[in-house]
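Open the model in your viewer and get ready to select residues. The tour goes stop by stop.

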Amino acid sequence: MSITAFSASRRTSHPHSPSMSGILSRLRALALLAGLLSLPGTALHAQQQPTVRGTVLNDASGEPVVSANVVVRGTNIGTVTNERGEFTLRVNALTDTIQVTRIGYSAQSIALAGRATIEVRMRAAATLLNEIVVVGYGTQKRSDITGAVASVSADRLEGRPNTSPVQALAGAVPGVSVTTTGAGAEQSLNVLIRGRNSISASTAPLYVIDGIPFNGTLSEINPNDIESIEVLKDASSVAIYGARGSNGVVLITTRKGTGRPRVNYRAYYGIQELAQKPRVMTGPEFAEFKCQRVNGGQNCESAFTATELANLEAGRYVDWFDLALRQGHQQQHDLSFSGGNDDTKYMISGGLLRVSGIALNDEFERGSVRLNVDQRLKSWLSIGTSTQLSQTDRGGMPASFETAFWSNPLANAYDAQGNLTISPWAEDLQYANPLQGLRVTDDDVSRRVFSSNYLNVTVPKIPGLSYRFNGGLDIASRERGTFYGRDTRVGSEVRGRATIENSGRFDWTAENILRYTKTVAAKHTFDLTTLYSAQSRSLDTRTLRAEGFPNDVMTYHQANIAALNVPGYDVSESKLVSQMGRLNYNYDDRYLLTTTVRRDGSSVFGANHKYGIFPSVAVAWNITNEPFWKVSSVNVLKTRLSYGSTGNQAISPYQTLAGLDDYSYVDGNGQTAPGYRPTSLGNPDLRWETTNSVNLGVDFGLLADRISGSFELYRSRTRDLLLRRTISPTHGITGITQNIGKTANKGIELGLSTLNLDRGNFTWRTDFNISANRNEIVDLYGDGQDDVASEWFIGRPIDVTYGYRMDGIWQEGDDIANSAQPSAKPGDVKVFDRNGDGQITPDDRMILGSMQPKFIAGMTNTVRWRGWEASAFLHTVQGIEQSNGLLGVNLAQTGVRRNILLREYWTPENRLNTYPANREGTNPFNAVFLEDRSFVRLKDISLAYTLPTSVANRMGFQNLKVYANGRNLWTSTKWTGLDPEIAGSSSSERFAPLEKTYMLGLDVRF
Amino acid sequence: MTRFANLRLFMAAALSGAAAVALAGCDADEMLTEKPPHIIVADNLLTDLAGFDAALNAQYAQARREKQGHSGLNDLVAIPMTVGVDNAYANYSAAELRFVNQWTNFSTPQTSVFENLWLWLYQMINASNMIINRAENPDIRWTEADKARVLGEAHFFRAWAYRHLTYLFGPVPLNLEESSGSTIKTDWERTPVADIRKQMEADLLLAEENLPATSSNAGKLTKAVAQHYLAELYLAMNDPVKAEAKAQAVVSSGLYKLITARYGVRATQPGVPFMDQFVDGNINRNQGNTEVLWAFQFAQDVTGGGSNLLRRYWVNRYNSIPVPVGTRTVTGAIAISAEYGGRGIGRLSPTAWAINLYEPSDDRGSHHAIRKFYTVNNPINGAVLGDTVKLVWTAEKWITSSLASNDPLWPSTRKWDWTDATSPERDEQFSDVPYLRYAETLLLLAEAQMKNGKLAEAAATINQLRDRAHATPITAAQVTLDFILDERSRELLTEEHRRYTLLRTGKFYERTMAYNPIAARYLAQRDTIYPIPQVVIDANLGRAMPQNPGF
């Protein structure tokens, strides 16, 4: 059976059954597939093709080079060397040129010149330009790349306590900013590549795992299965992802097996601790504060409720943090089996991750099995799969760090019988016990199959032509059941509350890729890739809230007898149909050209705007490959220039339609009277957001690659922003998504690797990257006006801190009566009267700072001596100014119901100019307490020891490595909020900060 | 052929993705058309009577929200219209309601409650506009009578929303169009109040004509509700003749009469007739309440049942009362119980002036209506069961206490007592709420009669209320505007939109300064109107929208 046979039989035996012809006509509708099927039906004869045998050796040591790629130049015919460095390859003719590549080595081209047996000696080189990197729809030698593509170094991936692959990106690649939006056992992270183009649409990059777009939570992917991560940044490299490319693309490639069978066991175990315990007030401090705030320091007894008074008299205080927090644990175990020969490669791995966060009951567990298999079935046909099955358990309701933060230290954590109180403060029943989560039943399990599969046909008789089908499936479910029984605050009120939330995802991707490569006259190499693909995403969510249970026995499993059952249903479905073409042209490894066009149709847009076209072009010049280049100290110099357009379709489905929400009433008999009210406006004209960008890059290697790196300059403009704009609530609706406005980004990036010392067994390397992005709103509604309601200002970054500026504190003796705040009292916040009109009005609000960093940088220093390796990774973000939510004057609430940070207050004696007096209403205009959120953090520091091979072998191992790593051990910042690395709103300041982790690990191969 | 079939199987099995595209029939345009199965839009809802009734049900739910929170349990919508006046203040005044005590400090364009109110009311206006606009579609399957009733209700709700808006903010944009994505406006103009009232008059007259006299479904609007608001509107428009006629129309309908005898679920327990109409189970007309014009419906454990915050806000924190035991005090000896009305958090309280406004014989000021003492029901730590703690409501108490008075020893109304028997500490309240009472119609009638010079008739009208409450009847000579305002407070304490009444009669500043010493510290003339929410001004990019003076 073969494709050609199939195609021949179609011609002779067609049509036989109607269904078959129907299928065929549909098949034909797929332009590329149809193109494939109508290939010349010439019968294929096994032709005499010469076989070349060879050995690939390390030039220095003479040891075999395993897993080197051996390809007939200008074709897709290729193989990989075995564990003895040997390969066998059928070539077209003995006049072909063989190209041998291997990560870490300089590429070699050998003209066979009639030889059937060759020996290739490869020179180890850490040169950026020779590594093979994954790009969209294929791989390329770094020296052939025309766009801006950055690779995450392997040491960010291995031996680190990363629960999610995203954590490996932080500080690792210039131009990529990673912010944590939520700490805990499973952290939530935001990735921003080259600044923010979009104001309202998603700014998350597109993640592609083994060629298939991934729409799920990345913490469900085992980071230890990952071989490499590439980040595509400029228009040329992302344009082939068209409508989904404008936020950048992250390509994740999982490990493949090669060489002789190998068993690898890797494990680490770490402990976690709270990095910085917030200094909230102790019981006596709280009492003093409260008396001052409520009663002006007089008659303190009357300021307290009976519970507070009793505890104060008895000297019983609660340190809620001590109760809610614990030492966390994190461990991961991975066992993998891999191997391969010319025809079959396999990698089977099982991984188990378990994180017990620093908050009591905060658990995250992931078990995964991966099966990566590549099989050559025929000389012209290979198939493969890379599939992960995983189960992620997020069950368990953590003790609430936020509630622990503000809970009254004069309340009662336990009752007289030693049980947790439901409401710690008898006189203020509003607040639940911060440890309430320990009593909540919370089951939350996700299961996922993520499978990327391919079929590759090297079309016989047409050298250089190949067809590939990629089929991706992502089938995932999340099932969550939660029950608050009568021993919790909400449960005690409603006689038990259950919530059930089950969701199912079914995403698929089908891609047909036709590729043709040809070398003409030895120096002209063409590589043409065309694509026809379709993608579908769907997520169904079913929920149930039930209240009023006869007892707490069966938790959420007895919703059928609850007094109230409120079901909910939500569905979100979107589709994308795409065509793409890309041409790479290489002249003599000196001049490179890449042009691409992609056309995407997306379901989320209006009927007249379904399709968008995204072209790009890029050129590069390998200067050092020029015959005239004689500067021997500069061994690599390459310039790149690209320009192109990309899109953003990242809005939720159904925004082109106006929607009504259910808003029901009850009739006079207590029966539901179903109701609907308008809540959103439709916009049938919604279309893409389009970003045009230009990138100029230089790759360089000096002193035989002792110094190497890349430098990038870019500028981008985004138009037709998908803007969720604030509209006057006079419409009865507060916002609508429209294509309005323009933004611009420009930036500069430098990645630099230096080998500082190389003395025999001792080496010291530095990998450094720094990047700066400037973001600006160019236009909003076409009329040059700012949108104050949304806090968007033309000529300013998208994220600004806006409000009244604090101008110190009113002091005794100031002429308050004749000021802009005549009713202020000494000790109140003085507000800057910006327009000087003698009163404080909304016109005095102003831009106070930018929440976009001035620059971000990362630096890793690695020292190696014999088997020892020590490395330290520093990460910094500089120049963010924002309001510190922990400094608000009313956080304690009226009557002092909440605990806050211990701090200094203005008094007539202590004439602070930074913070107001301890009383109500000292900051009526909510003037902003601005702080610098810059930080420098020692993100990882590690020490590893690898046993000498001879010793390891004697012990029966191939390799044995032990290591220790410390994460977040040191931070320097002026920010007085909880953690400068946790981004976001002021409210998140009261959530758990990032923890410190100390871990020990083991990596053994045999 | 076998080979052919094998290939197909192979493709389908190994490459499920390809099979999905190739075999499912890949019509790209079809594939890119959105067909959400779970979204209702106006086009597919408003096609028949049931659809229009569903849109109206949401309007009832929206009106009911006045007694709920904007966003949950902590921002009772009714506060800006009922508190910060002569007869009510904020006791435990959390951030969101501090402005009714400390006007100059906290009533600002950025105060979120104003933005919430604006949106709440314009949501209702937009929904009415949608119903009115689409009712003219000739394809709708309904009778003329159905259509008339639907239009009556829709116009009523629009007028009801503009009533709130004009009292709260003064001149506001008059929006009579259904909002759509292609007609976003950035140049709203403030329409003079007189023009808005013309529109309200037209809407209410249409509602009066089309609404039924009675409804078998408690909670539905009837003709008398439209007439009641017309009477009030004509008083505001200084047309007492028409006002009297509309109020009189309610009286003459013969459908309503004051509750003068005990009835309903607590008829045999100690109490007074006046208070029976506030007991859950007695509130609707079909439960024996002859006085209610419009009641908001609530239900526990029912979708759409909702819950209100009245008890939570108006019942004081009696569980925090320190009970004297020897030389010290015990808290918790007065425990949350159904007897005490369930759990309150004392956000709002009547002023001392309002509590002292009753003569001793007046049922409306008796301990059945206003709680003035508690007895120990939880004898802990030496407290004695049945010991009585008297509450204290002197104005002097305010002067010495801080602005956030947080006083659990202050009296509270019993009109909103209600608790979930199985969970007395529960936040929510599921009892129905009498929203509009015949008693208030009579007070509007009396006001119109007075303005028309019919003092004797006005006295007679007022005396219907006083007789029922066992208060001393008044003479025609006693009928003054201030007396009517006092009588309104006695009758409608915590019920009426007191602020609107005082604004309508031009008495807000004078009486609040005189009778509410907490608000008087900060109240200014500018506070007779609330500021336009800043977002409304900021989003009006195409035209400057003037702020109210003083903000």
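Select Cys300(A). This residue counts as partly exposed, because its relative accessibility is 32%. Now add its partner, Cys291(A), to the selection: a disulfide joins the two, with 1.9 Å from S to S. Is Cys291(A) buried or exposed? Cys291(A) is buried, with a relative accessible area of 1%. Look along the S-S bond next. The torsion about the bond between Cys291(A) and Cys300(A) is about -85°, so this disulfide is left-handed. Do not search for another: the count over all chains is one disulfide.

Before moving on, color by confidence. This is a predicted model. Chain A has a mean pLDDT of 87, and 93% of its residues reach 70 or more. Then select residues 1-46 of chain A. Here pLDDT stays under 50. The model has 51 contacts beyond four places in sequence for this stretch. Where pLDDT is low, the predicted coordinates should not be read in detail.

Next, show strands in chain A. Find the open sheet of three strands, with the order β4-β1-β7 and mixed pairing. Which strands stand at the edges? They are β4 (86-90) and β7 (117-122) of chain A. Each has a single partner strand, so one side of each is left without a neighbour in the sheet. Turn the view to see the twist: neighbouring strands of this sheet are turned by 25° against each other on average, direction ignored.

Stay with the sheet and select residues 51-58 of chain A, strand β1. β1 pairs with β4(A) in the antiparallel sense, over five bridges. For a marker on this pairing, pick Thr51(A), which stands opposite Arg90(A) in β4(A). Strands of a sheet pair through backbone hydrogen bonds, either parallel or antiparallel.

Now go to chain B and select Phe156(B), Trp160(B), Phe169(B) and Trp294(B). These four have the most contacts inside the largest nonpolar core, a set of 126 residues. Add helix α9 (residues 144-169) of chain B, which gives the largest share of this core, 13 residues.

Zoom in on Phe169(B). What does Phe169(B) touch, not counting residues up to four places away in sequence? Its contacts include Phe114(B), Leu117(B), Trp118(B) and Arg190(B). Also among them are Ile529(B), Tyr530(B), Pro531(B), Ile532(B) and Pro533(B).

For the last stop, return to chain A. Select Tyr804(A), Met806(A), Val831(A) and Val889(A): they are included in a second, separate core of 27 residues. In soluble globular proteins, nonpolar side chains tend to be buried together.

Definitions and conventions:
Residues numbered from 1 in each chain as written. Chains lettered and ligands numbered in written order. Predicted model: local features only at pLDDT ≥ 70, side-chain atom pairs only at ≥ 80, totals over all residues. Heavy atoms only, no water. pLDDT = per-residue confidence, 0-100. Contact = heavy atoms within 4.5 Å. Pairing = 2+ DSSP bridges. Helix = DSSP H or I, 4+ residues; strand = E, 2+ residues; numbered from the N terminus. Axes fitted to C-alpha atoms, helices over the stretch in contact; angles between N-to-C directions. Core = buried A, V, L, I, M, F, W, Y, C linked by side-chain atoms within 4.5 Å. Buried < 20%, exposed > 50% of the residue type's maximum accessible area, 1.4 Å probe, protein only. Disulfide = S-S within 2.5 Å.
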